[in-house]
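Dear colleague,

Please find below the structure that I am handing over to you, together with its sequence. My findings follow it.

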Amino acid sequence: MCEKPRVGAVNRGDDHLSMATPAEELSPEKKKELITRNLQEVLGEDRLEALLKEGHRVRIYWGTATTGKPHVAYYVGVTKISDFLKAGCEECKRT
């Protein structure tokens with residue numbers, strides 16, 4: 001049985017992305033892997049690849065409307081936001 005890394009642990013395996021690796025050191029391919037992993041559909045994938053190869057920071061916005069008390073399902077979105085931030089994405093701030 002595989003042992004899951006602890007939160008904050010560094011995993012140096014080639015097939016995993018380390019939490020300790022700064023986004024600036026990631027290749028465009030690794031950034032794309034983080035941005036698109038665990039997604040059912042990716043729209044504009046060719047444009048995303050071009051932006052990453054040109055060195056642009058991808059801007060993200062995550063909108064949600066809480067209709068009740070927060071519960072464990074909100075964690076799903078938080079994990080995706082974590083992937084975006086690890087890949088060096090910039091958050092869009094609402095004004």
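In which element is the place of D83? D83 lies in helix 3. Please note before reading on that this is a predicted model.

**D83 and its surroundings**

D83 counts as buried, because its relative accessibility is 6%, under the 20% limit for that class. When its neighbours within four places in sequence are left aside, D83 is in contact with L34 and R37. Of these two contacts of D83, L34 is also a member of the largest nonpolar core.

**The nonpolar core**

The largest nonpolar core consists of ten residues: L26, L34, I35, L48, L52, V58, I60, F84, A87 and C89. Two elements give two or more residues to this core, namely helix 1, spanning 28-36, and helix 2, spanning 45-53. Within the core, A87 may deserve a look in the viewer. Not counting residues up to four places away in sequence, A87 touches A23, L26, K31, L34 and I35. L26, L34 and I35 from that list are themselves core residues.

**The cysteines**

How many disulfides does a search of the whole structure find? The number is zero. For C89, the closest cysteine sulfur is that of C92, and the two sulfurs are 9.9 Å apart, which is too far for a bond; a disulfide would require the sulfur atoms to be within 2.5 Å. Accordingly, C92 is in no disulfide either, its nearest cysteine sulfur being that of C89. The surroundings of the two residues can be described by accessibility. C89, a member of the core, is buried, with a relative accessible area of 4%, whereas C92 is partly exposed, with a relative accessible area of 27%.

**The second largest pocket**

The second largest pocket has a volume of about 320 Å³. Its lining comprises 17 residues, and those nearest the centre of the pocket are I35, L39, V58, I60 and F84. Among these, I35, V58, I60 and F84 also belong to the largest nonpolar core.

Which elements each supply at least two residues of the lining of this pocket? They are helix 1, helix 2, strand 1 (59-60) and helix 3 (74-86). The largest share comes from helix 2, with three residues. By class, the lining of the second largest pocket is made up of eleven nonpolar, four charged and two polar residues.

With kind regards

Technical notes
Residues are numbered from 1 along each chain as its sequence is written. This is a predicted model: local features need pLDDT of at least 70, side-chain atom pairs count only at pLDDT 80 or more; totals for chains, interfaces and linings use all residues. Side-chain values use heavy atoms; hydrogens and water are left out. A nonpolar core is a set of buried Ala, Val, Leu, Ile, Met, Phe, Trp, Tyr and Cys residues joined through side-chain atoms within 4.5 Å. Buried means under 20% relative accessible area, exposed over 50%, partly exposed in between (1.4 Å probe, protein chains only). Helices (H or I, at least four residues) and strands (E, at least two) are DSSP runs, numbered from the N terminus. Contact means heavy atoms within 4.5 Å. On a 1 Å grid over the protein atoms alone, a cavity is a set of points where a 1.4 Å probe fits but cannot get out, and a pocket is an open set with protein on both sides within 12 Å along at least five of seven lines; lining residues have an atom within 4 Å of a point. Grid points are joined across faces, edges and corners, and a volume is the space filled by probe spheres set on the points. Ala, Val, Leu, Ile, Met, Phe, Trp, Tyr, Cys and Pro count as nonpolar, Asp, Glu, Lys and Arg as charged, and the others, Gly among them, as polar.
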